[in-house]
Amino acid sequence: MAEEAARVTAEVSGARSDGSGLQVRDVCRAFRSVHALSGVDLSLRRGEIVGLIGPNGAGKSTLVNIISGYDRPDSGVVTVDGVTVNRHRARDRCRSGVARTFQQGHLFGGLTVRENVEVAALATGVSRREAPAIATEMLTRVGAGEWAECQAHSLPHGVERRVGVARALASRPAYLLLDEPAAGLNEGEIASFGDAIRQIAAQGTGVLLIDHNIRLILGICHRIKVVVGGRNFLEGTPEEVRNDASLAEAYLGRSGRQDAARTADGGTEEPDA
Ligand SMILES: Nc1ncnc2c1ncn2[C@@H]1O[C@H](COP(=O)(O)OP(=O)(O)OP(=O)(O)O)[C@@H](O)[C@H]1O
Ligand SMILES: [Mg+2]
């Protein structure tokens, strides 16, 4: 089933799969004296949901910037379906099947929701004839179809986050990188958002999910990667990560009480992925 879904997405996105998925190997990135990433590895396959967590400043967004072509590593390799893409620009990265959302919303407030998604589709080479249908499909997938004709500046926060995901889906990516898509959502909104992410993955897209809501991460991810201080810290199934004593210590030790409290809150939820 997952393989069939992956095949369908590959056809839709036009990106060929050699089965190796998206691979990050030994990536380093420094901003002057700040070593944002020091030898980080990551893998993501189509149809898989991988959680990327770590305290504030751990390097998560920097890694997403590098994978999506908005930044370049000082060293290390990023491959997409076997092709090294380190030096590809963001637009080319998108054509090879990688799409992302931003930690801060990037909608055009003066356009309608539909237009926002259509513009994203057009930017990735979709024709004007195809764009409306793609916008409808992606808005439906994220549960925002009924908001299509609304002005983007007037959206409730939860809908705005969903439309951000629909925009990223407009390129019909094989790999989708979500940087804190659920920030600011209430518990009910997070639950249905999680369902939408599951559906996206079930249709064959690999999803990298960054979020500080550990309940969401443990609930929907197949694997979880923890980075701390720009380094590989821990990786495993939700069960393995939740039971690892060093996780809370990492949050407490390096990021303060707020993250630790979130971790502890979410730790009671049973993962079902
Ligand atoms: N463009 C930049 N210039 C200078 N320093 C940067 C830049 N981008 C990131 N950093 C630094 O790199 C480190 C990692 O930042 P990054 O934004 O990747 O962390 P994060 O894990 O996404 O954090 P958060 O959970 O708060 O979003 C931080 O110390 C940050 O201040
Ligand atoms: Mg970040």
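**Note on the predicted model: strands, ligand shell and selected residues**

1. At 47% relative accessibility, Asp26 counts as partly exposed, since the partly exposed class runs between the limits of 20% and 50%. This residue belongs to strand β1, and although Asp26 is not a glycine, its phi is positive, at about 55°. The model is a predicted one, and the backbone angle of Asp26 should be read as a computed value of that model.

2. The strand that holds Asp26 spans residues 22-31 and is joined to β2 by eight bridges, with the two strands running antiparallel. Within this neighbourhood, Val27 of the chain has Val40 in β2 standing opposite. In general terms, the strands of a sheet pair through backbone hydrogen bonds, and the pairing may be either parallel or antiparallel.

3. On the sheet to which these strands belong, the order is β2-β1-β4-β5, so that four strands form an open sheet with antiparallel pairing. Its edges are β2 and β5, the latter made of residues 83-84, and each of these edge strands pairs on one side only.

4. A second matter for the reader is strand β3, which covers residues 49-53: five of its five residues are buried, and the strand is therefore largely enclosed by the rest of the structure. The residues are divided by direction, with Ile49, Gly51 and Ile53 pointing one way from β3 while Val50 and Leu52 point the other way, and all of them are buried. Burial here rests on a relative accessible area under 20%.

5. The pairing of β3 involves two partners that can be checked directly in the structure. With strand β8, residues 206-210, β3 pairs in the parallel sense over four bridges, and the bridge partner of Ile49 in β8 is Val207. With strand β9, residues 223-228, the pairing of β3 is again parallel and again over four bridges, and there Val50 stands opposite Arg223.

6. Beside this last pairing, His222 deserves a look, as a residue found in the loop between α8 (214-220) and β9. The C-alpha atoms of His222 and Val50 are separated by 6.0 Å, although the two residues are 172 residues apart along the chain. Val50 is among the buried residues of β3, whereas His222, at 35% relative accessibility, counts as partly exposed.

7. Which residues are closest to ligand 1? The ligand is surrounded by 14 residues, and the closest are Gly57, Lys60, Ser61, Thr62 and Gln103. By residue class, the shell divides into five nonpolar, seven polar and two charged residues.

8. Several contacts to oxygen atoms of ligand 1 can be listed with their distances. An N or O atom in the side chain of Asn56 is 3.0 Å from an oxygen atom of the ligand, a backbone N or O atom of Ala58 lies 3.1 Å from an oxygen atom of ligand 1, and a polar backbone atom of Ser61 is 2.9 Å from an oxygen atom of the ligand. Taken on its own, ligand 1 has 640 Å² of accessible area, of which the protein covers 61%. The elements giving two or more residues to the shell around ligand 1 are β2 (34-44) and α2 (60-68), and α2 gives the most, with three residues.

9. A further positive phi occurs at Arg172, where the angle is near 50° in a residue other than glycine. Arg172 sits in the loop between α6 (157-169) and β7 (175-179), and at 22% relative accessibility it counts as partly exposed. Asp26, by comparison of location, lies in a strand, namely β1.

10. For the cysteines, a search of the whole structure finds zero disulfides. Cys28 has a relative accessible area of 23% and is partly exposed, and Cys150, at 27% relative accessibility, also counts as partly exposed.

11. Finally, is Val117 buried or exposed? Val117, which is found in helix α4 (residues 113-123), is buried, with a relative accessible area of 0%. Its C-alpha atom and that of Ala170 are separated by 6.4 Å, while Val117 and Ala170 are 53 residues apart along the chain.

Note on methods: Residues are numbered from 1 along each chain as its sequence is written. Chains are lettered from A and ligands numbered from 1 in the order in which they are written. This is a predicted model: local features need pLDDT of at least 70, side-chain atom pairs count only at pLDDT 80 or more; totals for chains, interfaces and linings use all residues. Side-chain values use heavy atoms; hydrogens and water are left out. Buried means under 20% relative accessible area, exposed over 50%, partly exposed in between (1.4 Å probe, protein chains only). A residue is near a molecule or strand if one of its heavy atoms lies within 4 Å of it. A polar contact is a pair of N or O atoms within 3.5 Å; within protein, one must be able to donate a hydrogen and the other to accept it, and residues adjacent in sequence count only if both atoms are side-chain atoms. Accessible areas come from the Shrake-Rupley method with a 1.4 Å probe; for residues, only the protein chains shown count as cover. Ala, Val, Leu, Ile, Met, Phe, Trp, Tyr, Cys and Pro count as nonpolar, Asp, Glu, Lys and Arg as charged, and the others, Gly among them, as polar. A disulfide is a pair of cysteine sulfur atoms within 2.5 Å.
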